[in-house]
Amino acid sequence: MKRTLLALLALGLMVAFSSEEAIQKEWEGSAHNNGVMGYKTLREATVEARQANAAHCARCHSEQGFLAWLEQLKKGNPGNLVGPDGKPATVEYLRSLGLTQDQVKPVTCKACHDEDGDLRLANDTPMLPSGFKATAVGNAALCIACHNSRNGRVTWNAEDPGRYTYPHASSQGDVLLGKNAYFVDDTREWPNPHAFFTGNACSTCHMSLAGKGDYSSHTFKTPEGLCASCHGTKYTEEMVQENTLHLLSLVRTQVNARVLAVRDRIKTVRAWNPENGQFTPNVAVKAPVYRVDILSIAGQIAFKMTLTDGSVLYSQLGDIRDEKGQPVFATKDPVVRAAWNYLLIENDGSKGVHNPTYTRAVLLATLEALK
């Protein structure tokens with residue numbers, strides 16, 4: 001009997017060790033450890049790269065920054081990192097947290113789990129940087145703490161947003177919960193089974209159902225054929241994504257039409273160089289604009305402008321100016337709100353799967369506003 005118990009115990013330890021080893025390996029290959037996240041951690045979350053502005057990016061792009069910020073968040077301050085005195089974090093304080101290139105860590109196990117292995121945040125979130133709370137979302141509360149647009153709550157029916165700010169490129173929480181798009185009432189509930197009736201929202205699909213054996217996946221990538229887990233073998237994600245991609249293309253077409261209608265007014269830009277991240281002021285636009293692509297540059301809505309002579313210019317939207325030096329697209333121009341919506345849905349990354357009803361409503365309302 002004792003031998004049997006010892007054998008079972010040993011087997012259990014072997015399984016646990018094997019699971020931990022597998023989780024570690026999966027995490028090492030995930031975006032939380034390398035790839036985009038690794039680049040962001042070193043480039044955006046350190047004082048060498050950002051000086052005091054690392055207090056913004058380090059909140060979610062580093063272990064040290066997130067742990068400090070989570071305590072701050074729970075106390076009701078979703079803003080940038082502050083020091084012990086409650087004032088904006090100084091470079092010296094950020095250094096003391098380890099937000100330097102030789103000490104900074106990516107989003108590690110410790111960032112998400114406490115010493116007992118429990119999640120550091122679950123079920124509900126405090127007020128988030130995107131201006132809403134997530135309630136009754138299970139383990140997804142931890143995910144949504146960072147995976148939100150992070151640039152305040154928009155007033156959905158505002159005629160003038162008064163800014164060119166873009167929705168941060170991790171807007172899954174907003175889309176899941178139906179928040180922060182223009183032209184669509186985000187003060188009402190947008191019932192979404194993926195957020196509320198899967199148990200743990202994000203982690204159900206990206207971890208539990210994607211897991212192997214007795215542990216959840218830490219690649220955070222959904223497996224092929226995931227939708228069939230709930231909807232049956234004939235249902236695929238492409239059924240939602242194809243129509244969403246078509247609607248996004250229609251929005252791009254409408255925005256292009258708006259730009260081409262005023263292209264003769266476009267005289268100068270503060271040009272951005274994607275190779276070195278530098279700006280050059282007062283660059284003359286020497287040929288008419290042929291097409292634009294909607295993107296973001298340094299936290300602002302921006303255009304990649306292809307000109308009729310084949311040259312390309314990148315510019316933040318507010319820096320596309322007329323002969324008097326005024327923005328061609330004032331903040332009240334529907335193009336600004338349409339571009340926000342476009343980036344909100346694109347940055348969600350699911351192509352509509354996270355919240356099909358809300359995604360479709362947003363894109364259709366955007367098209368209507370651009371008429």
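**A walk from one loop to the helix pairs**

Let's start in the loop between α9 and α10 (193-196), where Asn-180 sits. This is a predicted model, so read every value here as computed from it. Asn-180 has a positive phi of about 70 degrees, even though it is not a glycine. For background, most residues other than glycine have a negative phi. As for its surroundings, Asn-180 is buried, because its relative accessible area is 0% and the cut-off for buried is under 20%.

There's another residue of this kind further along the chain. Lys-351 is not a glycine either, and its phi is positive at about 60 degrees. You'll find Lys-351 in the loop between α14 and α15. Its relative accessibility is 34%, so Lys-351 counts as partly exposed.

Follow the chain on from that loop and you get to α15, which covers residues 356-369. This helix has 14 residues and reaches 20 Å from its first C-alpha to its last, close to the 20 Å expected at 1.5 Å a residue. Its buried residues are Tyr-358, Thr-359, Val-362, Leu-363, Ala-365, Thr-366 and Leu-367. What lies over them? The cover on the buried residues of α15 includes α9 (172-177), α13 and α14.

Two of those covering helices, α13 and α14, also pack against each other. The axes of α13 (residues 238-261) and α14 (residues 334-348) come within 11 Å and cross at roughly 155 degrees. The cut-off for roughly antiparallel is over 145 degrees, and α13 and α14 are therefore roughly antiparallel to each other. The crossing of α13 past α14 is left-handed. On the α13 side, the contact uses Thr-244, Leu-248, Val-251, Arg-252, Val-255 and Arg-258; α14 brings Pro-334, Val-335, Ala-338, Tyr-342 and Ile-345. Sorted by class, that contact of α13 with α14 has eight nonpolar residues, one polar and two charged.

For another crossing angle, go back along the chain to α4 (residues 54-61) and α5 (residues 63-74). Their axes come within 6 Å and cross at roughly 95 degrees. Angles of 65 to 115 degrees count as roughly perpendicular, which means α4 is roughly perpendicular to α5. Ala-58, Arg-59 and Cys-60 of α4 meet Gly-65, Phe-66 and Trp-69 of α5 in this contact. By class, the residues where α4 touches α5 split into four nonpolar, one polar and one charged.

How values were computed: Residues are numbered from 1 along each chain as its sequence is written. This is a predicted model: local features need pLDDT of at least 70, side-chain atom pairs count only at pLDDT 80 or more; totals for chains, interfaces and linings use all residues. Side-chain values use heavy atoms; hydrogens and water are left out. Axes are lines fitted to C-alpha atoms, for helices over the stretch in contact, and angles run from 0 to 180 degrees between N-to-C directions. Helices (H or I, at least four residues) and strands (E, at least two) are DSSP runs, numbered from the N terminus. Angles under 35 degrees count as roughly parallel, over 145 as roughly antiparallel, 65 to 115 as roughly perpendicular and the rest as oblique. A crossing is left-handed if the near helix is turned anticlockwise from the far one by less than a right angle, and right-handed if clockwise. Contact means heavy atoms within 4.5 Å. Ala, Val, Leu, Ile, Met, Phe, Trp, Tyr, Cys and Pro count as nonpolar, Asp, Glu, Lys and Arg as charged, and the others, Gly among them, as polar. The expected span of a helix is 1.5 Å times one less than its number of residues. Buried means under 20% relative accessible area, exposed over 50%, partly exposed in between (1.4 Å probe, protein chains only).
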